[in-house]
Amino acid sequence: MQYDYLVFDRVDWSKRGQYMLERHAISVLVAQEVLADPNRVVIDPDYNSATGQGVRIVGYSSLEGAVVSLIVMEVDGIAYGVNGWRSNEKDRRIYREVEDDGQD
């Protein structure tokens with residue numbers, strides 16, 4: 001598992017944003033906030049990705065009041081948002097550990 005600090009400047013949620021909202025109550029605004037979190041963690045590839053193409057991004061959302069996990073996939077140079085949900089304990093722990101490492 002590799003932890004990167006890549007940034008996805010633009011993520012297209014047009015295909016899955018509504019699904020994410022209906023399924024997990026995570027809005028595109030929350031996802032954008034997570035992507036902008038300076039302490040976000042990028043796990044490339046996502047540790048649950050069957051194909052190895054998904055990238056997991058874990059960050060804090062003040063709108064949600066929680067750590068949120070996103071899945072993004074890049075296809076032909078375009079980053080597409082695939083899904084997002086409130087983070088499980090594993091992702092919250094990863095986020096805390098990386099955040100704690102950055103504090104001196």
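Which residues on the other side of α2 are exposed? The answer is in point 5, after the strands and the core; the model is a predicted one.

1. Strand β3. This strand covers residues 54-61, and seven of its eight residues are buried, so β3 is largely enclosed by the rest of the structure. Its partners are β2 (residues 41-43), joined to β3 by three bridges, and β4 (residues 66-75), joined to β3 by eight bridges. The pairing of β2 with β3 is antiparallel, and β3 and β4 also run antiparallel. Two pairs can be picked out in the model: I43 stands opposite R56, and Y60 has V67 of β4 as its bridge partner.

2. The turn after β3. Four residues lie between β3 and β4, and the two strands form a hairpin. G65, in the turn, has a positive phi of about 70°. At the end of β3, the side chain of S61 reaches the backbone nitrogen of E64 at 3.0 Å.

3. The largest nonpolar core. This core has 16 residues, and F8, V11, W13, I57 and L70 are those with the most contacts inside it. At least two of its residues come from each of α2 (28-36), β3 and β4. The largest share, four residues, is supplied by α2. Another core, of seven residues, lies apart from this one, and I43, V67, I94 and Y95 are among its members.

4. I57 as an example from the largest core. Setting aside residues up to four places away in sequence, I57 touches F8, V34, L35, R40, V41, V42, V68, S69, L70 and V72. F8 and L70 are listed together with I57 among the residues with the most contacts inside the core.

5. Helix α2. The question at the top can now be answered: L29 and A36 are exposed, on the other side of α2. The buried residues of this helix are V30, A31, V34 and L35. Seen down the axis of α2, these buried residues fall within an arc of 140°, so they line one face of the helix. The cover over them includes α1 (17-24), β3 and β4.

6. S61. This residue lies in strand β3. S61 is buried, because its relative accessible area is 0% and buried means under 20%. A polar contact of 2.6 Å joins its side chain to that of E33. Beyond four places in sequence, S61 touches V30, E33, V34, A66 and V68. The C-alpha atoms of S61 and L35 are separated by 9.2 Å, while the two residues are 26 residues apart along the chain.

7. R56. This arginine lies in strand β3. Is R56 buried or exposed? R56 has a relative accessible area of 2%, so it is buried. The side chain of R56 makes a polar contact of 2.6 Å with the side chain of D46. Leaving aside neighbours within four places in sequence, R56 is in contact with V41, V42, I43, D46, Y47, N48, S69, L70, I71, W85 and D91. One of these contacts, D91, is a buried residue of α3.

8. S87. The loop between β5 (78-86) and α3 holds S87. S87 is buried, with a relative accessible area of 5%. Its side chain makes a polar contact with the side chain of S69 at 2.8 Å. Not counting residues up to four places away in sequence, S87 touches V58, V67, V68, S69 and R92.

9. Helix α3. How far apart are the end C-alpha atoms of α3? They are 18 Å apart, which agrees with the 18 Å that 13 residues (89-101) should span at 1.5 Å a residue. The buried residues of this helix are D91, I94, Y95 and V98. They cover an arc of only 95° around the axis, which puts them on the same side of α3. At the start of the helix, a side-chain oxygen of N88 reaches to within 3.2 Å of the backbone nitrogen of K90.

Conventions
Residues are numbered from 1 along each chain as its sequence is written. This is a predicted model: local features need pLDDT of at least 70, side-chain atom pairs count only at pLDDT 80 or more; totals for chains, interfaces and linings use all residues. Side-chain values use heavy atoms; hydrogens and water are left out. Buried means under 20% relative accessible area, exposed over 50%, partly exposed in between (1.4 Å probe, protein chains only). Two strands pair if DSSP finds at least two bridges between them. The expected span of a helix is 1.5 Å times one less than its number of residues. The arc is that of the directions from the helix axis to the C-beta atoms. A polar contact is a pair of N or O atoms within 3.5 Å; within protein, one must be able to donate a hydrogen and the other to accept it, and residues adjacent in sequence count only if both atoms are side-chain atoms. A nonpolar core is a set of buried Ala, Val, Leu, Ile, Met, Phe, Trp, Tyr and Cys residues joined through side-chain atoms within 4.5 Å. Contact means heavy atoms within 4.5 Å.
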